[in-house]
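User: Could you take a close look at one part of this chain for me, and then walk me outward from there? I'd like a connected picture that I can follow with the model open beside me.

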Amino acid sequence: EGEIGRRKITQYTRYGTVVLSIIQGMMISIGLEGTQGPGGHSLVLTPGWGFRLMTVITLTSGTAFIMWLGEQITERGIGNGISLIIFAGIVARLPSAVTTTLQFMREGELGPLVALLILALSVLVVGAIIFVERGQRRIPVQYAKRVVGRKMYGGMTSHLPLKINTANVIPPIFASSILIFPATLAQFANHPWVQTAAGALAPGSWLHDLVYIILIIFFAFFYTAVVFNPSDVAENMKKAGGYIPGIRPGQKTAEFIERVLSRITLSGAIYLCIVSLLPTILVRQFNVPFYFGGTALLIVVGVALDTVAQMETHLITRNYEGFMKRGRLRGRRG
């Protein structure tokens, strides 16, 4: 059932991505047709349905190819293929950012002390992200002893790990997607209140940052509530004979888990807000010539941690297999 559910989710994701690519291609083509160049002429030489259809087909086929390539990497490689492709695209821009920073230092627009401060801040932020992404709130769980036939099971102590950032990078992505919608709508609607809303929610304004923070906190709690159900965890724990010391099994356990989860989710949401607003603060205050932080940094660090963990798992599994093949006990003559 789990495999069937995973395949259905993958299939729905494909359909949704293709539909979004078609809509996006149509909006891009219409926007290009309405854009004028330096001479007052349209950027598109032959506007019409032919150009729109070509744009939609090109964007949709490119998206389908990237999805297929990501699936091939997932099946034959290590880690999530799409995440690795996004990771490669972000890391590929690092040399350009370093070159631009050095050029700013030569021209005197960026002082050496500020550059060293930015470097130290970058190392500190990456370390903090790794610390938080690996952080867990471990709730102790005690399993009662039970006799099945002639054997005794249970009587051990375990823990229920709750991640500080359960939603990962989903809240900033959803929040930024919603904030982009007014600006996109303003390109096609010349209504005064639409233009006013798009200007007020433009990146860099205080209202944009405030709405961004509110949306990140909302989606952090929303996504956590979707992927983690304390009632189901408490019920499964009760069926397995487990209980949290000092907490009554059943509804009380579910309420305790939900209370702990709400507190650490708030901490994770605040952490996401700080990392997401870090690029804006660096550009405003220190005139940094590149964007450091935000969803790009969360994706890079998260994918790197997941890839290293999966590589270690493969190495451990391979070592165990080699030990089982070569480490069999044999007789003196064998």
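Analyst: Happy to. Let's start at H41, which sits in the loop between α1 (2-33) and α2. Please keep in mind that this is a predicted model. Is H41 buried or exposed? H41 has a relative accessible area of 60%, and because exposed means over 50%, H41 counts as exposed. Setting aside the neighbours within four places in sequence, H41 is in contact with T35 and Q36.

From that loop, move on to α2. Helix α2 (49-76) and helix α3 (81-91) each give two or more residues to a nonpolar patch. The patch lies on the surface and is formed by F65, I66, W68, L69, I82 and I86. Together these residues have about 510 Å² of accessible area. Which helix gives the most to the patch? That is α2, with four residues.

One patch member to pick out is I86, which has its place in helix α3. The relative accessibility of I86 is 38%, so I86 counts as partly exposed; that class lies between the cut-offs of 20% and 50%.

Next comes helix α4, which covers residues 94-107. Here you can check the length against expectation. At 1.5 Å a residue, the 14 residues of α4 should span 20 Å, and the C-alpha atoms at its ends are indeed 20 Å apart, so the two values agree.

Now look at how α4 is oriented. Its buried residues are A97, T101 and F104. Around the helix axis they cover an arc of only 60°, which means that they lie on the same side of α4. On the face turned away from that buried side, you will find the exposed residues P95, T99 and R106. Just after α4 comes G108, which takes a positive phi of about 85°.

To place these parts in the whole, step back to the full chain. There are 11 helices and five strands in the chain. Of its 334 residues, 28% count as buried. The chain exposes about 22,600 Å², and 65% of this is supplied by carbon and sulfur atoms. How are the contacts spread along the sequence? Taking contacts between residues at least 6 apart in sequence, 62% join residues at least 24 apart.

So, to retrace the route on your screen: begin at H41 in its loop, go on to the nonpolar patch that includes W68 and I82, and finish at α4, with A97, T101 and F104 as its buried residues.

Conventions: Residues are numbered from 1 along each chain as its sequence is written. This is a predicted model: local features need pLDDT of at least 70, side-chain atom pairs count only at pLDDT 80 or more; totals for chains, interfaces and linings use all residues. Side-chain values use heavy atoms; hydrogens and water are left out. Buried means under 20% relative accessible area, exposed over 50%, partly exposed in between (1.4 Å probe, protein chains only). Contact means heavy atoms within 4.5 Å. Accessible areas come from the Shrake-Rupley method with a 1.4 Å probe; for residues, only the protein chains shown count as cover. Patches are made of residues with over 30% relative accessible area and no salt bridge: like charges are joined within 9 Å, nonpolar side chains (Val, Leu, Ile, Met, Phe, Trp, Tyr) within 5 Å. A salt bridge is a side-chain nitrogen of Lys or Arg within 4 Å of a carboxyl oxygen of Asp or Glu. The expected span of a helix is 1.5 Å times one less than its number of residues. The arc is that of the directions from the helix axis to the C-beta atoms.
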